[in-house]
Amino acid sequence: MRKKRMKKFFLYIGVLMVLVFTLLPIYLLFIATITPSGELNASTTHFLPSEITLENYKNLFAGEANSGGAPPFFLALRNSLIISLSTTALAIAIGMFASYAYARFRFKGRSQLLMSVLGLRMVPEIVLLIPLYVIFARAGLIDNVATLIIIYTIFNLPFVIWLLQGFFGSVSKEMEESALMDGATHPMFLFRFIVPLSAPGLIATAIFVFLISWDEFMFATIFTSTYDAKTLTVAISEFSQKGMVDFGLQITAGFLGSIPPIILALILQRYIISGLSEGSVKG
Amino acid sequence: MKKLQPYLYLTPSFIVVICLILVPIAYALFISFIDLTQNVNKLSDSELWNFVGLENYVEILTGSVFWSTLARTLYITFVSVGLELLIGLSIALILNEQFVGRGFVRGIMLIPWAFPTIVNAVLWRWFYDPNHGMVNGVLAKMGFINEGEYINFLGSAFSALNAIIIADVWKNTAIVALLLLAALQSIPGSLYEAAQIDGASSWKRFVNITFPLLAPAILVTLVLRTMEAFKIFDLIYIMTGGGPAGGTQVMSFLTYQQTMMFGKYSYGAAIAFLMSLFVLLFAFLYIKLLYRDLE
């Protein structure tokens, strides 16, 4: 009995350590956003601010394009939202049909093609960076939201196809046979049966694509030059005034920029966890 | 007609993959064999056809920068992934026990995973700041260093490398833990009950039941994380910019620097291809492992 209680005690200590490990940096980030900037620069430990201020938020929201001040937060937020949502829709729309073919048909070259899909997912993005930059720069398509949508769709497509064919494949074969017997065509079967029945998988895939696009930085910073196309990650990296990083603003933009993906992950965690067990990981 | 149907469904993705992935890769290979060193906007077409053969590759492989960069990248990759597996497995084992609020804690673990890498980089650069960083503050409060004798963690190569590793480990351990936890939960409880009846100690149960059944999940997680860690870019860009004096230069950042900052597109393309050889090696391992699962 004593041994059992000791075990429980150590278990809860362990859980507490896991929580501290996971949440402490996020807590410190939040605290920094409401600490007066003078205090941030004056001391080295910031567990609690001496007074709470919203000046960082106010200054951040006041940022405008070409003002010479803080980067325009809302423009960057708009670009990030447009790019992430469009990429998610586009990658799933295109990938869905390919996944259907891989999941429901047995055709020549199927397994080889499926393996090359997985192989394509592994190609380091940086290999594509140089040719795509040369192509898009020569075509005058740099600093364009649509360019980033196209690039992100390319990256996510092999990943989407791989994940969705797994989810589509787990819909029962008998259902397909009886639906097709009743005169349903393949596209009807895809939209009326496969899509609703694989909804959890589709949701998980959509979240992964959204988060990857929201998180992306390397291409975003290279392919944009103004706030017509700069995303939130680029804006966060650029919070500098007169060569000095305005840390309060930068950290506040970072904190706000982290909220959408975190909320999404927490609300839809059921889907993410089942999607993760399918053997996929966000990069 | 019926035979063609699957290919019909594949057409849209074929078009995207061929036009936007395979053609650019071929183009990158072409670029790596020419000498493209100027502003791409000003370049005329004829100048593009200046073949230098393998010159770029020879220059890279005979220089010392590539090899020291590779060594540094491998150091970050292996230490990061090793720590992530070790801490991730410990967390997974804790979360696999019964306790109040288990679902809640598991949800919390998704936060670092969803947390943008660029924000993580900004946050940790601040933690390490020599003048007002938390790491110095806490070390001083605990008496390890004197007030005012703060350490510039990102100021010397070796400590900067390890500082970057810690930032990477914090963000990615959570996902490793969740993946291993999912695998742990699929181990049937009856196995443990049988072992308990036979009087096996908890360490014996871990070594003889948990670990062997967890091994495939560990391997897949290991290979996936290795591939990702090898491509590390955002943390380097924000935290050190490859410095001090190239001390945290990694493969992705070297490619970026050579092309986007110095305009050496061909040289950069060649580095990118050499880098992907390593990633392909990891990918090959991963496909082998998954293929085994599929059959």
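Here is a walk through the helices, loops and charged pairs of this predicted model.

As a predicted model, it is read with limits: local features need pLDDT of at least 70, side-chain atom pairs count only at pLDDT 80 or more, and totals for chains, interfaces and linings use all residues. Residues are numbered from 1 along each chain as its sequence is written, chains are lettered from A and ligands numbered from 1 in the order in which they are written, and side-chain values use heavy atoms, with hydrogens and water left out.

Let us start in chain A, with helix α6, residues 125-138. Helices here are DSSP runs of H or I with at least four residues, strands are runs of E with at least two, and both are numbered from the N terminus. The 14 residues of α6(A) reach 20 Å from the first C-alpha to the last, close to the 20 Å expected at 1.5 Å a residue; the expected span is 1.5 Å times one less than the number of residues. Even so, α6(A) has a kink of about 25° centred on P131(A). The bend at a residue is the angle between axes fitted to the seven residues ending there and the seven starting there.

Eleven of the 14 residues of α6(A) are buried, so the helix is mostly covered. Buried means under 20% relative accessible area, exposed means over 50%, and partly exposed lies in between, with a 1.4 Å probe and protein chains only. Among the buried residues are I126(A), P131(A), Y133(A) and F136(A). L129(A) is another, and it counts as buried because its relative accessibility is 0%. From L129(A) to L164(A) is 35 residues in sequence and 26 Å in space, C-alpha to C-alpha.

Follow the chain onward and the backbone takes some notable turns. Just after α6(A), G140(A) has a positive phi of about 70°. D143(A), in the loop between α6 and α7 of chain A, also has a positive phi, near 65°, in a residue other than glycine. Most residues other than glycine have a negative phi, and most peptide bonds are trans. D143(A) counts as buried because its relative accessible area is 16%.

Next comes α7(A). At its start, a side-chain oxygen of N144(A) reaches to within 3.0 Å of the backbone nitrogen of A146(A). The helix runs over residues 145-169, and its 25 residues reach 34 Å from first C-alpha to last, close to the 36 Å expected at 1.5 Å a residue. It bends by about 40° at N156(A), with the proline P158(A) following within four residues. Like α6(A), this helix is mostly covered: 21 of its 25 residues are buried.

Now turn to the charged pairs. The structure holds five salt bridges over all chains, where a salt bridge is a side-chain nitrogen of Lys or Arg within 4 Å of a carboxyl oxygen of Asp or Glu. In chain A, E238(A) and K230(A) meet in one of them, at 3.0 Å from N to O. E238(A) is partly exposed, because its relative accessible area is 27%, whereas K230(A) counts as buried at 10%.

Chain B offers a linked set. E84(B) and R225(B) form a salt bridge at 2.7 Å, N to O. This pair links distant parts of the chain, with E84(B) in helix α3 (residues 64-95), R225(B) in helix α10 (residues 202-230), and their positions 141 residues apart. D168(B) also forms a salt bridge with R225(B), the closest N and O atoms being 3.4 Å apart. D168(B) lies in helix α8 (residues 157-185) of chain B and R225(B) in α10, so this pair ties together parts that are 57 residues apart in sequence. Through shared partners, E84(B), D168(B) and R225(B) join into one network. E84(B) is buried, with a relative accessible area of 0%, and both D168(B) and R225(B) are buried too.

The helix that carries R225(B), α10(B), has 29 residues, but its end C-alpha atoms are only 36 Å apart, short of the 42 Å that a straight helix would reach at 1.5 Å a residue. A kink of about 45° lies at A215(B), shortly before the proline P216(B).

Our last stop is the loop between α11 (234-239) and α12 (251-261) of chain B, where P244(B) is found. A cis peptide bond joins G243(B) and P244(B), with omega about -5°. In that loop, A245(B) has a positive phi of about 50° although it is not a glycine. A245(B) counts as exposed because its relative accessibility is 88%.

Definitions and conventions:
A polar contact is a pair of N or O atoms within 3.5 Å; within protein, one must be able to donate a hydrogen and the other to accept it, and residues adjacent in sequence count only if both atoms are side-chain atoms.
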